[in-house]
Amino acid sequence: MVDSRFHSEAGQFTLEQILEMTGAKLHGSGDLARLFYGVSTLNNGGEKEVTFLENRRYLKDFRTSKAGACLVPPAFANQAPDGMAVLITAIPRRSYAKLARLFHPAEIAPIGVHPTAVVDPTARLGNQVAIGPGAVIGAEAVLGDSAWIEANAVIGEAVRIGEGTRIGVGAVVSHALIGARCFIYPGARIGQPGFGFEMDAGGTFLIPQLGRAIIEDDVEVGANTAIDRGSNADTVIGQGSMIDNLVQIGHNVVLGRGCIVVSQVGISGSTRLGDRVVIAGKVGIAGHLEIGSDVQVAAMSGVNRSLPGGGSYGGVPAIPVRKWRRQISRLKKLGQNKPTA
Amino acid sequence: MVDSRFHSEAGQFTLEQILEMTGAKLHGSGDLARLFYGVSTLNNGGEKEVTFLENRRYLKDFRTSKAGACLVPPAFANQAPDGMAVLITAIPRRSYAKLARLFHPAEIAPIGVHPTAVVDPTARLGNQVAIGPGAVIGAEAVLGDSAWIEANAVIGEAVRIGEGTRIGVGAVVSHALIGARCFIYPGARIGQPGFGFEMDAGGTFLIPQLGRAIIEDDVEVGANTAIDRGSNADTVIGQGSMIDNLVQIGHNVVLGRGCIVVSQVGISGSTRLGDRVVIAGKVGIAGHLEIGSDVQVAAMSGVNRSLPGGGSYGGVPAIPVRKWRRQISRLKKLGQNKPTA
Amino acid sequence: MVDSRFHSEAGQFTLEQILEMTGAKLHGSGDLARLFYGVSTLNNGGEKEVTFLENRRYLKDFRTSKAGACLVPPAFANQAPDGMAVLITAIPRRSYAKLARLFHPAEIAPIGVHPTAVVDPTARLGNQVAIGPGAVIGAEAVLGDSAWIEANAVIGEAVRIGEGTRIGVGAVVSHALIGARCFIYPGARIGQPGFGFEMDAGGTFLIPQLGRAIIEDDVEVGANTAIDRGSNADTVIGQGSMIDNLVQIGHNVVLGRGCIVVSQVGISGSTRLGDRVVIAGKVGIAGHLEIGSDVQVAAMSGVNRSLPGGGSYGGVPAIPVRKWRRQISRLKKLGQNKPTA
């Protein structure tokens with residue numbers, strides 16, 4: 001069911017190859033020479049496709065699925081529809097992800113510099129780089145091996161782009177050091193000046209924004225997301241962090257490793273997050289706070305004070321998630337009953 | 001009062017022509033040969049302009065308006081100022097919209113391919129297409145007749161753009177099929193990979209995003225809005241839907257026909273909306289939900305469960321709008337009185 | 001500690017020069033010939049750098065700072081660490097900002113028109129303009145002296161750009177008059193049509209958007225922010241206003257002078273703000289409201305009615321900030337106690 005106009009195809013694999021590649025075990029019997037051509041969801045697959053089931057919630061779809069094979073945890077194997085090859089694994093989703101990439105290899109960068117790209121003669125390009133139409137590479141910029149700068153993207157002066165990093169269409173990077181194997185999505189803005197002014201009795205004045213934006217290795221930055229450079233210290237996105245679309249990261253913000261920041265979140269200036277912090281969609285975090293490692297914040301919450309590591313928070317202002325849930329339930333009652341006063 | 005540097009002018013019309021074009025009826029007497037040159041608001045119009053009144057709220061502005069003519073519902077006709085030609089109609093705003101377009105015709109696409117555009121030789125271009133400076137059209141892309149790709153916009157490989165569709169300046173479309181008569185505003189991002197990773201005991205892993213973004217006919221997508229492609233199924237925006245600026249639409253989201261999504265809304269992955277759903281500004285909707293047709297959600301609400309068709313909801317989490325209003329009013333009391341406990 | 005690859009350096013200044021430039025007074029004794037090379041934060045500075053302390057909150061950092069000199073208010077002077085030159089001033093932050101600019105002069109526009117830029121022959125360019133690679137300047141556009149249009153930015157037909165105004169990389173401006181000394185950040189969208197349709201019994205219809213976007217002098221517009229043009233009247237951003245990243249400004253919105261609009265705020269159509277209004281992050285303001293001068297709205301609030309000048313508001317819907325705080329505190333109690341009913 002994957003549209004081959006948009007996603008390349010590696011060809012077909014036998015059931016035997018699929019079992020080998022995923023480490024799954026065949027439930028019951030099956031034709032090891034049976035051919036499969038791609039992956040699918042439970043609902044949109046046919047006999048030539050492999051799908052997966054991980055969440056009990058989709059058991060009903062599993063029972064009626066027309067997919068030819070399905071990666072499933074042992075507990076659900078007996079509920080498979082007739083004719084389906086049942087592939088037992090403790091990690092169905094991860095196995096599906098691996099298989100999907102094998103059936104549909106990642107896009108390959110069109111190596112070379114497009115004649116309409118504008119590359120400053122002082123820029124240094126690694127081996128096998130790809131620079132698309134209309135892209136601009138500033139003076140003294142350094143692109144690592146296999147860096148991929150897509151069409152109309154603009155890399156500012158002296159910026160470093162790590163090995164294998166891909167800068168999406170129309171993205172802008174300035175005053176920044178970007179690590180290896182990052183993917184900056186289309187329209188992301190990295191390194192512009194932060195909201196840098198102050199007011200005193202004499203009125204408003206601008207503060208020069210003299211820091212950088214540091215994006216460590218293996219980071220993804222979503223479409224149209226904005227990451228301001230530091231005002232004097234640096235803005236830092238830690239290794240392996242995933243940032244969704246339309247997120248705002250203010251100047252001097254520091255994210256640890258492996259943080260997850262969902263769409264439309266805003267993190268105000270100089271706030272620091274530990275490692276593996278998960279911020280759900282549309283959350284706002286005030287400036288100059290410390291958020292400990294492994295904190296989780298529920299969607300649409302507003303964090304206005306520092307939080308120790310490890311807890312879950314929700315609400316505006318954010319409080320421990322249990323208290324917040326109780327608050328919501330009481331509040332609901334409040335909307336139903338006659339007032340007590 | 002319309003600035004002719006920015007909006008083209010078709011010339012003048014007589015009162016008689018205006019009555020004919022709108023189907024309105026002249027209240028009292030008036031010079032049918034009187035000439036008008038454009039449209040205006042109640043406040044900024046002069047004797048050569050036509051304005052309209054629909055909402056009772058602006059009656060005061062109507063009484064003091066200097067506009068030469070006004071489209072009004074019958075009930076307000078008697079309150080017109082002296083000298084104003086009063087044009088009676090049951091649909092003043094719609095008549096105004098029609099007249100505005102007649103006085104100021106829509107922008108005309110500059111047909112042809114700009115010499116700085118980069119069009120892959122395998123792309124197929126319909127008749128009368130316009131491709132602006134710096135635009136990029138990928139391999140095997142197909143542009144329908146009268147498609148208009150503005151400056152620096154980038155159309156990815158194999159993308160379909162329907163007849164008469166306009167892709168705004170700097171917009172990016174990939175892995176997508178776009179219908180006819182759509183308008184994608186500047187900076188919109190359509191078809192990039194969704195926030196596609198999962199975590200298990202083995203850590204974080206990426207899930208290949210193998211779906212498409214399908215935009216049906218007559219859709220508008222606002223400036224800097226992001227619509228991710230599906231992960232395996234497709235992301236779909238139904239016919240006639242209107243999406244405002246800075247909206248986030250996650251992977252596999254499906255909108256029915258005629259939905260309205262106001263600025264800064266976020267809809268999480270795999271959520272499905274019926275037809276004519278209206279989502280006001282800044283609303284967040286969680287993933288994997290079903291929102292029925294004709295549902296309306298008040299601004300700044302957070303929807304965390306599926307909603308049957310037809311109702312109005314508000315709050316975080318969103319509840320039926322009546323209960324929400326009562327909650328707000330009780331809460332207000334709570335902020336004023338001494339605590340009851 | 002400033003990275004000279006990204007920020008230019010003017011050289012060194014003596015302590016005597018620094019005292020002269022800032023008007024600060026030396027506390028105790030010090031070597032007036034001592035040389036300084038740049039500015040720093042309290043934490044990341046060394047003996048060759050000047051830092052500042054204004055907020056009591058950072059006193060601890062001050063006491064352990066290794067910076068060679070620090071601008072401080074008189075009250076804190078005695079707590080300086082040994083070896084630090086203490087520069088007494090009532091306005092440390094403002095003095096720091098001045099000094100930072102002297103050590104690190106602002107970026108200089110690369111004057112001239114890049115050969116890959118597309119400038120319509122009817123456009124009029126002032127003296128000393130800079131037009132970057134891939135930028136597009138439409139017919140009849142007018143650029144004031146020293147205007148700077150960065151790479152891949154697109155200026156629409158007839159647009160006016162004032163003296164010394166900088167249009168960031170990939171920004172789009174159409175149907176607009178931009179004043180002098182503005183800075184429009186990368187990816188901002190100014191002048192596209194507003195969310196301009198209406199519904200009546202006959203269905204949905206588009207309303208031609210015939211107004212303009214007017215940006216007065218000395219305005220900053222953040223990265224990926226969207227400012228729609230007026231529908232018939234104009235959208236106006238008053239002189240000296242500061243707008244952060246990812247903000248949405250609807251059609252016909254009017255901001256007075258010196259307003260501050262923080263990231264991810266949304267202001268709906270036809271709402272008017274007075275002067276010096278401060279809207280904190282993620283606030284939503286409904287349409288057709290009047291917000292008086294000097295109003296302040298707390299982060300994540302939702303304003304659904306007009307507000308007289310001078311007050312502070314918070315909450316959804318926004319109420320006077322004191323009442324809102326009381327509400328939060330009562331609500332917190334509600335989440336802790338047994339229900340009263």
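In which sense do strand β4 (residues 38–39) of chain A and β5(A) pair, and over how many bridges? They pair in the parallel sense, over two bridges.

## What you're looking at

This is a predicted model, in which local features need pLDDT of at least 70 and side-chain atom pairs count only at pLDDT 80 or more, while totals for chains, interfaces and linings use all residues. Residues are numbered from 1 along each chain as its sequence is written, chains are lettered from A and ligands numbered from 1 in the order in which they are written, and side-chain values use heavy atoms, with hydrogens and water left out.

## Around strand β5 of chain A

Strands here are DSSP runs (E, at least two residues), and helices are too (H or I, at least four residues), numbered from the N terminus. Two strands count as paired if DSSP finds at least two bridges between them. On the β4(A) side, G38(A) has E49(A) of β5(A) as its bridge partner. β5(A) also runs parallel to strand β6 (residues 69–72) of chain A, joined by three bridges; there, V50(A) stands opposite A69(A).

Now for the side chains of β5 (residues 49–52): E49(A) and T51(A) point one way, V50(A) and F52(A) the other. That fits the general pattern, since side chains in a regular strand alternate between the two faces of the sheet. All four of these residues are buried, meaning under 20% relative accessible area (over 50% is exposed, in between is partly exposed; 1.4 Å probe, protein chains only).

## Where chain A meets chain C

The contact (heavy atoms within 4.5 Å) takes 62 residues from chain A and 57 from chain C. Together the two chains bury about 4700 Å², 63% of it on carbon and sulfur atoms; that's the accessible area (1.4 Å probe) lost on putting the two parts together, summed over both.

There are three salt bridges between chain A and chain C, each being a side-chain nitrogen of Lys or Arg within 4 Å of a carboxyl oxygen of Asp or Glu. One of them joins D200(A) and R94(C), at 2.8 Å from N to O. On the chain A side, β19 (176–178), β22 (197–200), β23 (203–206) and α4 (321–336) each supply at least two residues. α4(A) gives the most, with five.

## Cysteines

How many disulfides turn up over all chains? Zero, taking a disulfide as a pair of cysteine sulfur atoms within 2.5 Å. For C182(B), the nearest cysteine sulfur belongs to C259(B), 14 Å away. C182(B) is buried at 2% relative accessibility, and C70(C) is buried at 0%.
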